[in-house]
Amino acid sequence: MQEEAIDVAILSDPYRICDNGCDSLADSALGRAAILVPGKQVTVCNVIRDAEFVSARVGGYQIYSCYATPNPATRDMFGSLLRRLENSVRTVMHDTPVVVAGDFNARSAAWGDRVTTSRGDELCDLLGSLQLIVLNEGSTPTFNRGEGSIIDVTAVSERVRCLTWSVLGDTFNNSDHNYIRFDLDSGTGIRRQNLCSSARGWDVTKGIDPELLEVGLLIAEWLSPVEDLNRRDAAHIADFFDCHVRTACDIVLRRKSAPNMARKPVHWWNPELSVLRSNCVSARRCKTRLAARHKRLQQRLGVTNPTVVQAVLDVDAADAQLRMCKKALKTAVARSKKACWDELVQSVESDPFGKPYKLVMRKLSGPPATDRMELDTLRSTIETLFPAGHPNIHGAVLPLEPFEAFTAEEVADVVTLFGSRRTAPGPDGIANLIIGSVHKVRPDMLRHMYNRCLKEGVFPPRWKEARVVLIRKGDRPEGVPSSYRPLWSVVGPLLWNAAYNSVLTTVLPAGAELIGFADDTLVVAHGKTASEVERIANEALDVVSGKIAGLGLLIAVEKTQAVLFTNKYKYTLPKLTINGVPITFTNDMLYLGMVVDRRLSFREHVQRAANKTAGIVTRLSRIMPNLGGPKECRRRLLVAVAHSVLLYGAPTWAHSLEWSKINANILNGAQRRALLRGICAYRT
């Protein structure tokens, strides 16, 4: 796949399905078919699983990988497969072009075979009813056993343009089936535009010299002189700031280099394997030629002729030679893989959190999700994450309270807090370190700009633009809008933190408390009765919502949740509303990575942390074998990774272990597996 630059592999009856975490993989319910996307070049979404086929939307196509066993238990099993396949295809073919491929074990002259079976007739009728075009060309067998046959079929929708289709008969693959390669028009399929190929921003890894930055700002002002900024509005001041900072950075800093997105061969490939594979190809060709010669001689001279008998012996010798070459290649591949993995494991001693750690923890990701998505999925994801609001017909949203300007100390505190963070920049390429350095040499630059924005009640349009780089949340499914987190620019969030501080310092009614983290706001109200909690909470929500509305912001009530913490068996839920819209109550809520249930038993959180730890221990075990693995100090360091996940938020839920034996048993079970690997033990 690396040599042929394959984007998508359609697998039928694979020997083994192994998810290495670096590739996108979708497989059927019984593992009889799979779709593999090497290197995560495109997004795999809309996965449909059946016992004998799997389907996924890849690069704008709904691809079906199928396998029909040649020996069904009943005659109707093949017909049942075709009916299920037909129902699935009809549900998606109206909106998306369809590709159906796989090993159907069906022969028909419609795709070049010399024999037509009943299975072939049934499959032809299905493809005709679905208006799918068969791509098979020529008479090259796709299955090499015996005289060869064509049982692997590829069919596509009428609107799909196929550029090439061929059987790779000369490519050795250690299987009775030949590889089939076909190329589809990329105009309707996989997006080849690589958005991350062009570098954005400047290299600040070596720090920023304040004196050079000051000189750069002076040169930028000299190149683009501006009149008195007091006469300009907030949008023009933001444009001035962005233009001058970018010009100064171009003068004093070096641009980031573009990443190399070229594909590399697999890590275990070497020249010895190339020679052995060539030997297998030569032996296979020799056997094919001798088998064809034996067939011609048998038809012309008969079975008992000495020449035919010698031809049979030659075929048997060629078959034995081919088997020996295959065995040598498989042994060399296994030996090379083991040697490379042992080398990776040994490198843990010098770099515990290097490539081996990133490999087993699945932190080696490919290009951003936006580069892999087809246009329709990307468009629907963006529209869901950033819904189009109503146009602002009233102009600027002025503060409801008297305008109070930001002080130099407030701006300095915010810049100090965020200026040292190495977070990704927005579309302007201006990182936090650059903002912090600019503030050091020009302390009044940000304060004047933010005060003008607050005074005019506007958020500059430039800061509303974002380079949409979607970060996938854990192992959530691809192609689903809720599975991604977008990146923003830097200058805009600084203004957000400075302005939203007024909300966090709001005085609430007695019995209510306000907690904030980023853009998540938590209102806590307590009382002896449900009616008292309802009164205090509604009063606090009115105050907070009014304060947020004063900043020109809206609360997403549909995303707001409420949990009533009580130990009572019977209780009445209070009625909470925001702007007249009722709030939904749930039994638990996820806040800052912790699951908080209504009884504060933290059972769900402990179980969630234990499951996550078990997965981490399983992956780390690959680089911590009991024999030949890293030393004790490195093992303790890697086990600490599992403990950090297991004990996340422990000061909050540790008290539950005193009265909940179930929580303690769950934690002990997860910790035991980590410690067994840490001390090189097999059992305790």
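A residue is called buried when its relative accessible area is under 20%, exposed when that area is over 50%, and partly exposed in between, using a 1.4 Å probe and the protein chains only. By this rule D113, at 5% relative accessibility, counts as buried. The structure shown is a predicted model, in which local features need a pLDDT of at least 70 and side-chain atom pairs count only at pLDDT 80 or more, while totals for chains, interfaces and linings use all residues. Residues are numbered from 1 along each chain as its sequence is written, and side-chain values use heavy atoms, with hydrogens and water left out.

We can begin with the chain as a whole. It has 684 residues, and buried residues make up 39% of them. Its accessible surface, computed by the Shrake-Rupley method with a 1.4 Å probe (for residues, only the protein chains shown count as cover), comes to about 38400 Å², and 54% of this belongs to carbon and sulfur atoms. The chain holds 19 helices and 21 strands, where helices (H or I, at least four residues) and strands (E, at least two) are DSSP runs numbered from the N terminus. If contact is taken to mean heavy atoms within 4.5 Å, then among the contacts between residues at least 6 apart in sequence, 65% join residues at least 24 apart.

The next topic is the nonpolar cores. A nonpolar core is a set of buried Ala, Val, Leu, Ile, Met, Phe, Trp, Tyr and Cys residues joined through side-chain atoms within 4.5 Å. The largest one has 29 residues, and those with the most contacts inside it are F241, I434, L446 and M449. Two or more residues of this core come from each of the elements α3 (210-223), α4 (234-252), α10 (408-418), α11 (432-441) and α12 (443-456), and α4 gives the most, with eight residues. I434, leaving aside its neighbours within four places in sequence, is in contact with W202, V204, I208, V245, C249, L253 and G429. A second, separate core has 24 residues, including L82, A106, L132 and V153. In helix α12 the buried residues are M445, L446, M449, Y450, N451, R452 and C453, and the helix is followed by G457, whose phi is positive, near 70 degrees.

Positive phi values deserve a closer look, because most residues other than glycine have a negative phi. N105, which is not a glycine, has a positive phi of about 50 degrees and is placed in the loop between β7 and α2 (118-129). At 18% relative accessibility, N105 counts as buried. F602 is another residue other than glycine with a positive phi, near 60 degrees; F602 is found in the loop between β21 (594-597) and α16 (603-620), and at 4% relative accessibility it counts as buried.

N105 also leads us to D103, which is found in strand β7 (residues 98-103). The side chain of D103 reaches the backbone nitrogen of N105 at 3.1 Å. Leaving aside neighbours within four places in sequence, D103 is in contact with S12, C66, Y67, A68, I151, D152 and H177. Which side chain of opposite charge is nearest to D103? It is that of R119, 7.2 Å away, and D103 is buried yet has no salt bridge.

Salt bridges are the last topic. Side chains of opposite charge can pair when their charged atoms come close, and a salt bridge is here a side-chain nitrogen of Lys or Arg within 4 Å of a carboxyl oxygen of Asp or Glu. By this rule the count comes to 17 salt bridges. One of them joins R32 and E52, with the closest N and O atoms 3.6 Å apart. This pair links distant parts of the chain, 20 residues apart, with R32 in the loop between β2 (24-27) and β3 (33-37) and E52 in the loop between β4 (44-49) and β5 (53-58). R32 is partly exposed, with a relative accessible area of 26%, whereas E52, at 6% relative accessibility, counts as buried. D113, met at the start as a buried residue, forms a salt bridge with R107, the closest N and O atoms being 2.9 Å apart. In helix α6 (residues 306-346), D342 and K338 lie four residues apart, about one turn of the helix, and their side chains meet in a salt bridge at 3.0 Å, N to O. D342 is partly exposed at 33% relative accessibility, while K338 is exposed, with a relative accessible area of 53%. Salt bridges that share partners also join R32, D50, E52 and R84 into one network.

Conventions: Lys, Arg positive; Asp, Glu negative; His and termini not counted. Polar contact = N/O pair within 3.5 Å; in protein donor to acceptor, adjacent residues only side chain to side chain.
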